[in-house]
Amino acid sequence: MTSETQTPQPNPPSSSPPPSSNAWKERILLPTVLAGLVGGGSGFLSSRRAAHSHLPLTYAANLAIVAGCYCGARELVRDARASEPDDLINSVVGGILSGSLLGRLQGGRFGAVRYSLIFAFAGTAMDFTTQKLKPFFQSFKSDLSTDHPQQKTSNGGWFKLPEWSPIQVLDEEALAAKRAREQQLYSKRVLGKLNNEES
C-alpha cells in the first residue's frame, strides 16, 4: 500500500488589501493634514502672532496631533468592531479614547474625563456633518468634471461667459462669419480710401 501524502498548497495572496488598510489616507492622513493647515492658518491670523513668531507652527502641530489621534482612534475602533467607515459609534468611541489619552496628558484625571466628552461630541459632530455634506461635494465635483449640454462651450469646458460679456467664445460657424464680416469691412475701407485718393 502506498500512501499518498498531500502537501498543503499555500494560499495565493489576495488581490485586495485587508479592510483595515482600505483608504486609510482618506480617513486618517487627509484630515490630519487639513487640520494642520487650519491650525497654521488660525495661528497666522491670530492677534498674538506679533509677540510669538512661532505661533502658526505651534497651532498647526497641535491641531494636527489632535486630528491624527482622533482619526487613528476612530479607525482603530472601526477595525475592532468590523463596522462600516460611516458608523457614528466609531466616532463616539474614538473621541472618548483619543480625548481621554490627550486629556490625561494635558490635565490629569479630570482633564481625561473633560477632554473625552469634548472629543466625543466634537468628533461625532464633525463626522456627521461630513457625511451629510459628502453627497453635495461629490455632485459638485462630478458637475465640474462632466459636460452638460446646456453648459457646453466650444472648448467643451464647464465655464460659460454671460451673453452680455464683451468676450465671447465663438464656435466654428460664428468664427467663419466674423472673418467674412471683417473681410467685407476691410475691402470697403480699402475701396473707400482708394475713392478718396482718386477724387
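Trainee: Where do Tyr 115 and Phe 119 lie, and how many residues apart are they?

Mentor: Both belong to helix α3, and they are four residues apart, about one turn of the helix. The model is a predicted one, in which local features need pLDDT of at least 70, side-chain atom pairs count only at pLDDT 80 or more, and totals for chains, interfaces and linings use all residues. Residues are numbered from 1 along each chain as its sequence is written, and side-chain values use heavy atoms, with hydrogens and water left out.

Trainee: Why is the pair of Tyr 115 and Phe 119 called tilted?

Mentor: Rings of Phe, Tyr and Trp (its six-membered ring) pair if their centres lie within 6.5 Å; planes under 30 degrees apart count as stacked, over 60 as edge-to-face and the rest as tilted. The structure holds two aromatic pairs. In the pair of Tyr 115 and Phe 119 the centres are 6.3 Å apart and the planes stand at 55 degrees, so the pair is tilted.

Trainee: Which of the words buried, partly exposed and exposed applies to Tyr 115, and which to Phe 119?

Mentor: A residue is buried under 20% relative accessible area, exposed over 50% and partly exposed in between (1.4 Å probe, protein chains only). The areas themselves come from the Shrake-Rupley method with a 1.4 Å probe, and for residues only the protein chains shown count as cover. Tyr 115 has 24% and is therefore partly exposed; Phe 119 has 13% and is therefore buried. Arg 114, also placed in helix α3, has 41% and is therefore partly exposed.

Trainee: What is the pattern of the protein along the sequence?

Mentor: The pattern reads α-α-α-α, with four helices and zero strands. Helices (H or I, at least four residues) and strands (E, at least two) are DSSP runs, numbered from the N terminus. Buried residues account for 20% of the 199 residues. The protein exposes about 15700 Å², of which carbon and sulfur atoms supply 63%.

Trainee: How do you know that the span of helix α1 agrees with its 22 residues?

Mentor: The expected span is 1.5 Å times one less than the number of residues. For α1 (residues 24-45) this gives 32 Å, and the end C-alpha atoms are 31 Å apart, so the two agree. Helix α2 has 27 residues and should span 39 Å; its end C-alpha atoms are 39 Å apart, so α2 agrees as well.

Trainee: What span does α3 have between its end C-alpha atoms, set against a straight helix of 58 residues?

Mentor: A straight helix of that length would span 86 Å, whereas α3 spans only 31 Å. Helix α3 bends by about 145 degrees at Gly 107, the bend being the angle between axes fitted to the seven residues ending at a residue and the seven starting there. Helix α1 has a kink of about 30 degrees at Leu 30, shortly before the proline Pro 31.

Trainee: What do the buried residues of α1 pack against?

Mentor: They pack against α2 (55-81), and among them are Arg 27, Gly 36 and Gly 43. Contact means heavy atoms within 4.5 Å. The buried residues of α2 include Tyr 70, Cys 71 and Glu 75, and their cover includes α1 and α3.

Trainee: What makes the phi of Ala 82 worth a remark?

Mentor: Most residues other than glycine have a negative phi. Ala 82 has a positive phi near 55 degrees. Ala 82 is placed in the loop between α2 and α3 (88-145); with a relative accessible area of 70%, Ala 82 is therefore exposed.

Trainee: In which helix is confidence lowest, and in which is it highest?

Mentor: On the pLDDT scale, the predictor's confidence in each residue from 0 to 100, helix α4 (residues 172-198) is lowest at a mean of 83 and α2 highest at 90. Residues 13-18 have a pLDDT below 50, and beyond near neighbours in sequence that stretch has one contact in the model. Residues 150-155 are also below 50, with nine such contacts. The average for the protein is 79, and 79% of the residues score at least 70.
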